[in-house]
Amino acid sequence: MVVAKAWILKKHFDGFPKTSDFDLKKIELPDLKDGELLLESVFLSVDPYMRPYSRRYMKEGDIMIGTQVARIVESKNPTFAVGAFVVGNKGWRTHFISDGKDLQLLPSNWPESLPKSLALGTVGMPGLTAYFGLLEVCKMKPGETVLVNAAAGAVGSVVGQLAKIGGCKVVGCAGSDDKVAYLKKIGFDEAFNYKTVKSLDEALSKASPDGYDCFFDNVGGEFACVAINQMKKYGRIAVCGAISQYNDSVPQKGPYLQLPMILKELQMEGFIVSRWNHRREEGLQALLKWVVEGKVKYHEQVTEGFENMPVAFMGMLKGENLGKAVVKV
């Protein structure tokens, strides 16, 4: 009998999440049936989307949503061998049973030297978000200027590097001087700390006096309102996230975007990466190739211990992570 541990959403978040909103439970797993496999989570992901999705898609008492890299420890399914690694979407739990239909094996050409946790980050959902957001929503072209906020995060850091591979000038902003230094290290042309600049408007203008062709928005709120006024005519805006608003108890109000969008004839499109699930393999292989070649660099913020899942989640929402935040079980 395997006993799994799982983090439960005890109480819906009211404002910023608290440790008392979570509860750690033990779940006895049944014996495997034919066609099933038993897996143990090795790495678990904490991501910004979990904050708004928990309210929209979860009930109190549900296991917290999320993805993991898991190892197969027992198998009665001929498609999956014991010892293989997969990406699952089974939430915050140490062990689980699956029939395999909802699992994705790591690419067969995954190098042994590459951390398997990258399948939750640069060569996973966040990397794919950057890839398809830039190519299909922003439709970046060589010679253009791309702006990305939360640029030292799991998605933003990949956005900047892919834009450089695509022949663009890249401007990024982040919330600490260490993060700004990291952005310059991985090839951003311009980077600044939005918390210390006297004027966001002036900082954006100084970084690119001619304005921006593409804006990859992970933050929303006030930043987006200021940045939209710096867009070039016919600019494109990919709305990926709105982390500045996820913990608001009362929705933020204005300023409103219609006038600059009309006058500059901008295109603004929200997107969720699952739209391109049918092209997942294309994106993963491109990202994996660039990582192996050293063209896309990565940094992970690894928290040790399954018991620290809530702490890692709340730290990520506060912006304490550089790169992708993961938990090692």
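Two strands are taken to pair if DSSP finds at least two bridges between them, and the views below, drawn from a predicted model, use the word in that sense.

**View A. An open sheet of six strands with parallel pairing.** The strands of this open sheet lie in the order 10-9-8-11-12-13. Its edges are formed by strand 10 (190–193) and strand 13 (267–270), each of which pairs on one side only. From one strand to the next, the twist averages 15°.

**View B. The pairing of strand 8 with strand 9.** Strand 8, which covers residues 145–148, and strand 9, which covers residues 169–174, run in the parallel sense and are joined over four bridges. Within this pair, Val146 stands opposite Val170 of strand 9.

**View C. Helix 5 packed on the sheet.** Helix 5, made up of residues 200–207, touches strand 8, strand 9, strand 10 and strand 11 (212–217) as it packs on the sheet. The direction of helix 5 makes about 165° with that of strand 10.

**View D. The second largest pocket and its lining.** This pocket, the second largest, holds about 240 Å³ of space. Of the 17 residues that line the second largest pocket, those closest to its centre are Gly220, Gly221, Cys225, Gln245 and Pro255. Helix 6, residues 221–228, supplies four residues, which is the largest share of the lining of the second largest pocket. By residue class, the lining of this pocket divides into eight nonpolar, six polar and three charged residues.

Conventions:
Residues numbered from 1 in each chain as written. Predicted model: local features only at pLDDT ≥ 70, side-chain atom pairs only at ≥ 80, totals over all residues. Heavy atoms only, no water. Helix = DSSP H or I, 4+ residues; strand = E, 2+ residues; numbered from the N terminus. Axes fitted to C-alpha atoms, helices over the stretch in contact; angles between N-to-C directions. Contact = heavy atoms within 4.5 Å. 1 Å grid on protein atoms, 1.4 Å probe; cavity = no way out; pocket = protein on both sides within 12 Å on 5 of 7 lines; lining within 4 Å. Points joined across faces, edges and corners; volume = space filled by probe spheres on them. Nonpolar A, V, L, I, M, F, W, Y, C, P; charged D, E, K, R; others polar.
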